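Q: I am new to this structure and would be grateful for a close look at a single part of it. Please describe the aromatic rings and their surroundings.

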Amino acid sequence: MYSDYTQARNKSWEILIKSGISQLPVNLKTISKHLNVSVIPYSKLGDDIFSDKITAGDGFTAALLDGKKLVFINDAKDRKRMRFTLAHELGHVTLNHKLDPIAHRNSESDDKLSIPEVQANVFARDLLMPACVLAKLHMTTVGEIMQICNVSFTSAQIRLNRLLELYKRNMFGVHPLERQVIAQFDQFIKNNK
């Protein structure tokens with residue numbers, strides 16, 4: 001549903017703004033700190049803390065009784081994939097999704113995923129690779145996006161496909177939050193054109 005998409009997209013812009021992010025690649029430590037989320041690599045867990053089914057995935061989020069949020073990341077994965085997973089899990093936190101460790105991020109296609117999983121993917125894509133900033137930088141290749149955003153080939157390809165559609169429609173800077181993101185990245189854009 002389009003409203004689910006726009007909610008995730010707008011929340012990514014809001015978090016970029018509130019976290020003070022003004023350059024690529026996006027610093028996820030800064031965002032985690034802003035959201036008061038602790039990030040814990042699987043390698044720091046004891047063998048019997050969580051079931052194998054839970055830790056088989058790329059990552060998951062849990063909430064403590066006091067409301068503190070914890071993101072667990074499979075640090076045996078590629079670093080760029082871990083960045084997307086962390087952004088995805090931060091999406092769940094930011095969008096106030098029910099935090100269910102069994103619904104961990106995996107490689108299923110979006111058409112088989114629940115609305116919260118699709119929203120978390122949109123949030124992660126738009127957080128790590130804001131289309132409005134990439135458009136101002138005139139990005140047109142997967143390689144350019146991979147390099148400037150520090151993301152995987154797959155993530156960059158998905159972003160480029162959507163970016164090309166947005167280029168056709170010339171739909172940048174329409175939403176007030178998007179204009180704020182562009183303004184916040186202004187110096188970075190000038191330095192990287």
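A: One aromatic cluster is formed by Tyr-42, Phe-60 and Phe-72. The model in which this cluster appears is a predicted one. Across the whole structure, a search finds five aromatic pairs. In one of them, the ring centres of Tyr-42 and Phe-60 lie 6.1 Å apart and the ring planes stand at 50 degrees; because an angle that is neither under 30 nor over 60 degrees counts as tilted, this pair is tilted. The pair joins distant parts of the chain, with the two positions 18 residues apart in numbering. Tyr-42 belongs to the loop between strand 1 (37–41) and helix 3 (52–55), whereas Phe-60 belongs to strand 2 (residues 59–63). Tyr-42 and Phe-60 are both buried.

A further pair consists of Phe-185 and Phe-188, whose ring centres are 6.3 Å apart. The planes of Phe-185 and Phe-188 meet at 80 degrees, which is over 60, so this pair is edge-to-face. Phe-185 and Phe-188 are each buried.

To return to the cluster, a polar residue may be considered next to this account of the rings. Asn-74 is located in the loop between strand 3 (69–73) and helix 4 (79–94). The relative accessible area of Asn-74 is 10%, and because the limit for a buried residue is under 20%, Asn-74 is buried. From this loop, the side chain of Asn-74 reaches the backbone oxygen of Gly-57 at a distance of 3.2 Å.

Note on methods:
Residues numbered from 1 in each chain as written. Predicted model: local features only at pLDDT ≥ 70, side-chain atom pairs only at ≥ 80, totals over all residues. Heavy atoms only, no water. Phe/Tyr/Trp six-rings, centres within 6.5 Å; stacked < 30°, edge-to-face > 60°. Helix = DSSP H or I, 4+ residues; strand = E, 2+ residues; numbered from the N terminus. Buried < 20%, exposed > 50% of the residue type's maximum accessible area, 1.4 Å probe, protein only. Polar contact = N/O pair within 3.5 Å; in protein donor to acceptor, adjacent residues only side chain to side chain.
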